[in-house]
Amino acid sequence: MSENDMNKNEVMMMGQKDKQFVEKVTAMEDDFAQWYTDVVKQAELVDYGPVRGTMIIKPYGFAIWENIRNELDRKFKETGHSNVSFPLFIPESLLQKEKDHIEGFAPEVAWVTHGGEEELNERVCVRPTSEVLFGEYYAKTINSYRDLPKLYNQWSNVVRWEKTTRPFLRSLEFLWQEGHTCHATGEEAEQETRQMLDIYADVCENYLAIPVVKGRKTEKEKFAGAEYTLTIESLMHDGKALQSGTSHYFGTGFAEAFDIRFLDENGEQKPVHQTSWGMSTRIIGGLIMVHGDNRGLVIPPRIAPTQAMIVPVAQHKEGVLDQAYALRDQLQDLVRVDIDASDKMPGWKFNEYEMKGIPVRIEIGPKDIEKNQVVLVRRDTGEKTFVPRNELDNRLPALLEEIQQNLYDKALAHREETTTTAVDMDEFARNLDETPGFIKAMWCGDTACEEKIKEATSATSRCIPFEQEKVADTCVCCGKKAKEMVYWAKAY
RNA sequence: CGGGAAGUAGCUCAGUUUGGCAGAGCACAUGGUUUGGGACCAUGGGGCCGCAGGUUCAAAUCCUGUCUUCCCGACCA
């Protein structure tokens, strides 16, 4: 079943009464960008801040971020990393120290020029990322091989003065984590780079139910100042790609610029080998665009702040609320369950929690109490099942797992359906137009071809996947001998 | 940064053409009746008409500037 068919069916399933609801959210087939904006607002994830491009992350949006954060943080700590907090400001002279780095970020840093009324001797920027702060600190504090490895991470906000902005996908300020590590050898640093990418992929696939392609960025797309950048790329519902997490290997480039040296076992001065890696609130944008539908958000159970919402029906009737609360008490050690006992109409609540993407709704009313059952309604398929109370402890967690798996399977199927191969530019352009998604195509390794492809189609190289596959012998653009297979797509 | 659209109650918008008392629906509060897909009746509260100038006896309305949001493009590791 194609995505379009699925959407039509979903709309049909809504029935007559929900037409007014549909008007609240633009249909994704009509205008995907508007659909995204509508969902973000209607699901109460964010509001806009007073400065252009800034956002207020509301309780529900932040709860989702907290769950993602907790999962990542747990894995960082399991792999030996420590959390720290570095300053918000970077003096200009420090930012200038690594040439490629400053060139990459200069166009989008925010500068502070005054403290109160007084002009500063040296202006300071608000961190767009913190490599230089960590670099300067490591230079002061690392002396011996015994100080290595240094495995630091920080959860912070950063500022990049973007021209156009959208909630989560591109905002002037965003939340993320940035890991910065130093190692005695290149091999160890490269292992770290890969390890962190694998953690990002794990969280994406197993918690957010977002399938990813792992690979390396081209020279053109890599991080400013890195030796190479590893990335996980995911595919949104509209066929555009989202860079979902990156892990950079710096070699000794920053160490040399910042003079981060250590004495090894033989008493020799050596530069450290570094990495940095980050994942941001941008991934929430990915979550919305991978799983969402015309009724709003769909949150995968493992990351959902509320996994099941109890909606009492005819709650004014004797015993209904008591039973509903008893149900919550019964379930709350098993799943993240909540109850809406407000005096809103049940239909209002149904729509509200569908908009918020809560994986399962549990209805309990007089008829259910009489039959000693509840009604479970899946958010992903809309399917209703009647479940005896004494089976609920087993069936509910099982259903949540099933939903989690189904969301991943659906997202993967969509990616597979829209991933095509192209051997020449005609086919490339046709695929991009007819089945927007990833295009697998061979590349000669020349940046000029990348630029040409971007100019002609507005698609960019997303990554050189670790899992290579030879789809032709020659470069899709210039026809010369191909070096490697690259995933291409229009990107966010 | 270019092109387009918009900003009036918490939300969606009417009113702007042709200057003359600040409006509706939803939401909110109170009371009552309701409750298996966005209930109903009654009463009530809520406004710097984005902001700053200007024109005028009089500005939501006309003029200038500016800020913000949305869509498209350019830019963006």
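In this predicted model, 68% of the contacts in chain A with a separation of 6 or more join residues that lie 24 or more positions apart. Chain A has 492 residues, of which 42% are buried. For a chain with 492 residues, a compact globule would have a radius of gyration near 23 Å, and the 25 Å of chain A agrees with this. The C-alpha trace spans about 80 × 55 × 50 Å along its principal axes.

Turning to secondary structure, chain A holds 16 helices and 23 strands. A good place to start is strand β8, residues 173-183, which pairs with strand β7, residues 150-159, in the antiparallel sense over 10 bridges. Strand β8 is also joined to strand β14, residues 273-280, by eight bridges, and these two strands again run antiparallel. Gly179 illustrates the arrangement nicely: this β8 residue is the bridge partner of Asn153, and its own bridge partner in β14 is Trp277.

The surroundings of RNA strand B come next. This strand is surrounded by 48 residues, and His316, Met345, Gly347, Gly365 and Lys367 are the closest. Two or more residues of the surface near RNA strand B come from each of α2 (19-22), α3 (32-42), α12 (346-355), α13 (366-371) and β18 (373-378). Helix α12 gives the most, with eight residues. In terms of residue class, the surface near RNA strand B is a mixture, with 17 charged, 16 nonpolar and 15 polar residues.

Definitions and conventions. Residues are numbered from 1 along each chain as its sequence is written. Chains are lettered from A and ligands numbered from 1 in the order in which they are written. This is a predicted model: local features need pLDDT of at least 70, side-chain atom pairs count only at pLDDT 80 or more; totals for chains, interfaces and linings use all residues. A residue is near a molecule or strand if its C-beta atom, placed from the backbone, lies within 6 Å of it. Helices (H or I, at least four residues) and strands (E, at least two) are DSSP runs, numbered from the N terminus. Ala, Val, Leu, Ile, Met, Phe, Trp, Tyr, Cys and Pro count as nonpolar, Asp, Glu, Lys and Arg as charged, and the others, Gly among them, as polar. Two strands pair if DSSP finds at least two bridges between them. The radius of gyration is taken over C-alpha atoms; the globule rule is 2.2 Å times the number of residues to the power 0.38. A residue is buried if 20 or more other C-beta atoms lie within 10 Å of its own, exposed if 12 or fewer, and partly exposed in between; C-beta atoms are placed from the backbone. Two residues are in contact if their C-beta atoms, placed from the backbone, lie within 7 Å.
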